[in-house]
Amino acid sequence: MAKAQISAEKVKETRLAGGKRMLSVKDGLNPSKAYEIEEAVKIIKGRAKAKFDETIEVAVNLGVDPKHADQMVRGVCNLPNGSGRTARVAVFAKGAKAEEAKAAGADIVGAEDLVEIVQGGTINFDRCIATPDMMGLVGRLGKVLGPRGLMPNPRVGTVTMDVTGAVKGAKGGSVEFRVEKAGIVHAGIGKASFTEEALVQNIKAFVDAVVKAKPTGSKGTYLKKVSLSSTMGPGLKLETASVASGPVA
């Protein structure tokens, strides 16, 4: 049998297996139902059967149009139980602040040398922090870091003199969020191995952070829909009243 034919059959088998698995994890679920958060977490955790520790993800549909500057939603959330992910953190700093960053656990610390490395196309970090005096240099990297969501920004605490706090926050489970073109904010807020209580706390903290970041230009219903899923599992709609601690309009 030709190699091309064997390859095509393997692809077909993989797709069929994936389809059967997805049908099994969706079995018994109501796609039109809005689940209470505790019930949804229990279901999502129970159906996360992959061979790896699946990420639990939250997607929030907002009543905003990001094309308008006064409807941009952006912020950071310190998850009370961490994200379950180890982030590589880069810090642009000099002198005492560079030493402070290293002591706090930053993976990469530099100034002009780090700018050159990034300009050369090497970006081996997940979060980026800078002291205010370094932004003249870091500003040159806007076209490189911006599209990747890595550009330091004072609004989310990544341009700061509190280097220790920023590095420990990034390492400890803080997650940045930014609304996409379709008005959706999403983030990984934990792992399937987390306890149900820990996941519920993280979800509520994240949604609350998104609600607090409501822009002045938002009109009508702000928090339209919240969904929960795992990496390889089904998605469930959440009852918004069970997720947010305050008003969601």
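1. Two strands pair if DSSP finds at least two bridges between them. In this predicted model, strand β9 (residues 223–230) and strand β10 (residues 235–238) meet that condition, with 4 bridges joining them. The two strands run antiparallel. One of the bridges links S229 to its partner G235 in β10. The connection from β9 to β10 is a hairpin, made through 4 residues.

2. Strand β9 also has a partner in strand β2 (residues 55–62). Here 7 bridges join the strands, and the direction is again antiparallel. Within this pairing, V60 stands opposite V226 in β9. Is β9 mostly covered or not? Of its 8 residues, 6 are buried, so the strand counts as mostly covered, where buried means under 20% relative accessible area.

3. A further sheet is built from 3 strands in the order β5-β4-β6. This sheet is open, and its pairing is parallel. Strands β5 (108–110) and β6 (127–130) stand at the edges; each has a single partner strand, so one side of each is left without a neighbour in the sheet. On average, neighbouring strands in this sheet are turned by 15° against each other, direction ignored.

4. Strand β4 (residues 89–92) is joined to β5 by 3 bridges, and the two run parallel. In this pair, V91 has V109 of β5 as its bridge partner.

5. Two helices that pack on this sheet can be described next. Helix α4 (residues 112–119) touches β4 and β5, and its direction makes about 125° with that of β4. Helix α7 (residues 163–172) touches β4 and β6. The direction of α7 makes about 160° with that of β4.

6. Which helix packs with α2 at an angle of about 120°? It is helix α8 (residues 196–212), and the axes of α8 and α2 (residues 37–46) are 10 Å apart. Because of this angle, α2 is oblique to α8; an angle over 145 degrees would be needed to count as roughly antiparallel. The crossing of α2 past α8 is right-handed.

7. The residues at this helix contact can be listed for both sides. From α2 come I37, E38, V41, K42 and K45. From α8 come E196, L199, V200, I203 and K204. By type, the residues of the contact of α2 with α8 divide into 5 nonpolar and 5 charged, with no polar ones.

Conventions
Residues numbered from 1 in each chain as written. Predicted model: local features only at pLDDT ≥ 70, side-chain atom pairs only at ≥ 80, totals over all residues. Heavy atoms only, no water. Axes fitted to C-alpha atoms, helices over the stretch in contact; angles between N-to-C directions. Parallel < 35°, antiparallel > 145°, perpendicular 65-115°, else oblique. Left-handed = near helix turned anticlockwise from the far one by under 90°. Contact = heavy atoms within 4.5 Å. Nonpolar A, V, L, I, M, F, W, Y, C, P; charged D, E, K, R; others polar. Buried < 20%, exposed > 50% of the residue type's maximum accessible area, 1.4 Å probe, protein only.
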